[in-house]
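Work through the two exercises below with the coordinates open. Each solution proceeds in steps.

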Amino acid sequence: MKAGKTLPNNSAHGDMGPPRVAQTQLCMKVFVQRDYSDGTTVKFQNFFPPELEGKLERALFENTIGQLNAYFREAEKGTCSTYCEGCMACLTAYLMYICAQTHYEKCLRKVAKFVQEQNERVYKPKGLYLTNPVERGLRVIEISILDQPVVSRT
Amino acid sequence: MVSADTVYLPVSVDLPQEANHSHEKAKMTNVTRKWELFPGRNKFCCDGRIMMAPQTSVFFVTVGLIVGTCSLFFAFDCPFLAVRITPAIPVVGAVLFVFVMSSLLRTSFSDPGIIPRATPDEAAYIEKQIEVPNSTNSPTYRPPPRTKEITIRGQTVKLKYCFTCKIFRPPRASHCSLCDNCVERFDHHCPWVGNCVGKRNYRYFYMFIVSLAFLCVFILAGAVTHIILLAKEDRPYFEAVKESPASVIVALVCFFSVWSVMGLAGFHTYLTTSNQTTNEDIKGSFSSKRGQASYNPYSRGNICSNCCHILCGPSPPSLIDRRGMVPPEVWESLAKESTVISNNRTYGAVPHPPQPQVNGLPNQPDPKQAMPSDIRCQSSPQQVAGAVLCQPSAQEPGCVRPSVESPQEILLTPTDFIKNRPSDLRDAELDLDEVTNAVANLSASRLRLLQDTTMIESALDLDSLEESVSSIDTGSQAGLLKPKEFP
Ligand SMILES: [Zn+2]
Ligand SMILES: [Zn+2]
């Protein structure tokens, strides 16, 4: 696959900040899929992908997924305050949403912060990169293995 | 099939010509925000703040009806009623009107819960997983499964693979064929509000319907009261009508719309209390079939919590980052690709035969002009059936290898183009995603025309039609994916 193109640049390790698109584009990626066993709430499978064997400790992976799941559970939980927020928005003919931030958006901020922190502390030093699931439409958690080029499928 | 090329020539007229293309390229270089690259067919306004379905004419009819009727009511009935009964009437009317318009505009202009399409890597990962491992050795080729069974709270649910979005659709999601997106908790595509109704805007839609029902009743009552009070002033009924013709118009409009609006409000109240979508209700997803007990696994137990959660629960975020900036790397690569595409388009213009396969009528030059619209509507299911029949052999993005390795498999393909195209394209080593999309849009365009004339099917997104659209997409994609697999 795309054999003619250059291999990914390995210099991403030292950098802080997200790797450039060009760097993540051509490396091998692992995708953690959604877990629908509890309905359509956002929850990711805690199943350790075999591709990450030897690159990442199982406990670290499970911790990341568990934390992310906890953030999304908090965002989607029907508490009194979220119901009040919804009712208020309805009573103001949804004009409230123009100026106020929703509970969900606040939780997504936390997720973004958590992902960034995890990248800096755990994933980057191991040559991995965790993509914020919101950027992938909450379908998958994408973990790029930066120093491993894509496997040719011939 | 040598002569086929001459038959296909008119098709290439539909392709973007050089002039169009240079325009397209000029647009490409100015891309700054992500909505400009959005792969669906939605319309965007105000630099991506507003998104709507591709066809919005009926939406303007809705707005016109509501605004027109209300202004007549406020201009002619309200002054009279405020003096004769109570000044609260115009106030209540105004509040209701603001609420109706606000929820209508929210429904129409917001993202219904579109699931962004898979990135190429993600799609490749999924397709690698659904590939049947030992299909190369087995004598009879079996297409890989396109559904995945999962269990949700003890209820088995089938997830379908969406060929357009390259994802396994989440439970309750469905692909809207008009907007060309997968929408989460898809309810239906509503032409009246000019948008899909899905997870993110269902609450607005519901409040719109309910408040519109109240507004209708309120205005009807006001207009009728006006006429009755006029008639009471010892004039004949006919005179009263003559004095206030606007009230009669308002009363008539409200009288005819109130029944359907109230019916719809009632129906959606039932759906909300049982936590179902219109799509699921029509398909009977949770009705017991073949003796198997079936229940709604998404219901939260009781009517109250269902309503609370759907109407006031946490509001999910939009997953398509419409207003996000396109990173410079992406549009640089896009600009590069677009020049390559131009070569490829002119190169591949003659053997562009997906259309005949779509319609199952290879010899008919242009069915959409040859047939009157009613015949078209009738014949579309058969054509669709044909397209579906072609599916197992025509679509195989994931199982490209077997079909090339064993020659009998190629013979199974209904047309030669799948076999021919890869050899054409194998020379050109490109990233073909853009081309794929372009071809897919073209090949499906005729079927879409058929669908657009038969609103009902597309509005409800019935499975057969949706499958057929996607099968066409992959029909053309299958051929294009091959060179990618063989560098
Ligand atoms: Zn889709
Ligand atoms: Zn739609």
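**Metal sites in a predicted model**

Along the chain, the donors of the zinc ion (ligand 1) are spaced as C-x2-C-x9-H-x6-C. The model is predicted.

**Exercise 1.** Identify the donors of the zinc ion (ligand 1), determine their geometry, and state which parts of chain B are tied together by Cys162(B) and Cys182(B).

*Solution.*

Step 1. The coordinating atoms are SG of Cys162(B), SG of Cys165(B), ND1 of His175(B) and SG of Cys182(B), at 1.9 to 2.3 Å.

Step 2. The angles subtended by the four donor atoms are 106 to 113 degrees, which makes the arrangement tetrahedral; the criterion is that all angles lie between 85 and 135 degrees.

Step 3. Cys162(B) belongs to strand 5 (residues 155-162) and Cys182(B) to strand 8 (residues 181-183) of chain B, so the pair ties together parts 20 residues apart in sequence.

Step 4. Cys162(B) and Cys182(B) are both buried.

**Exercise 2.** Repeat the analysis for the zinc ion (ligand 2), and decide whether Cys176(B) and Cys196(B) are buried or exposed.

*Solution.*

Step 1. The zinc ion (ligand 2) is coordinated by Cys176(B) (SG), Cys179(B) (SG), His189(B) (ND1) and Cys196(B) (SG), at 1.9 to 2.3 Å. The donor spacing reads C-x2-C-x9-H-x6-C.

Step 2. With angles of 104 to 119 degrees between the four donor atoms, the arrangement around the zinc ion (ligand 2) is tetrahedral.

Step 3. Strand 7 (residues 174-176) of chain B holds Cys176(B) and strand 10 (residues 195-197) holds Cys196(B), so this pair ties together parts that are 20 residues apart in sequence.

Step 4. Cys176(B) and Cys196(B) are buried.

Conventions: Residues numbered from 1 in each chain as written. Chains lettered and ligands numbered in written order. Predicted model: local features only at pLDDT ≥ 70, side-chain atom pairs only at ≥ 80, totals over all residues. Heavy atoms only, no water. Donors = N, O, S within 2.8 Å, 3.2 Å for Na, K, Ca; no water. Tetrahedral: all angles 85-135°; square planar, octahedral: opposite > 155°, others 65-115°. Helix = DSSP H or I, 4+ residues; strand = E, 2+ residues; numbered from the N terminus. Buried < 20%, exposed > 50% of the residue type's maximum accessible area, 1.4 Å probe, protein only.
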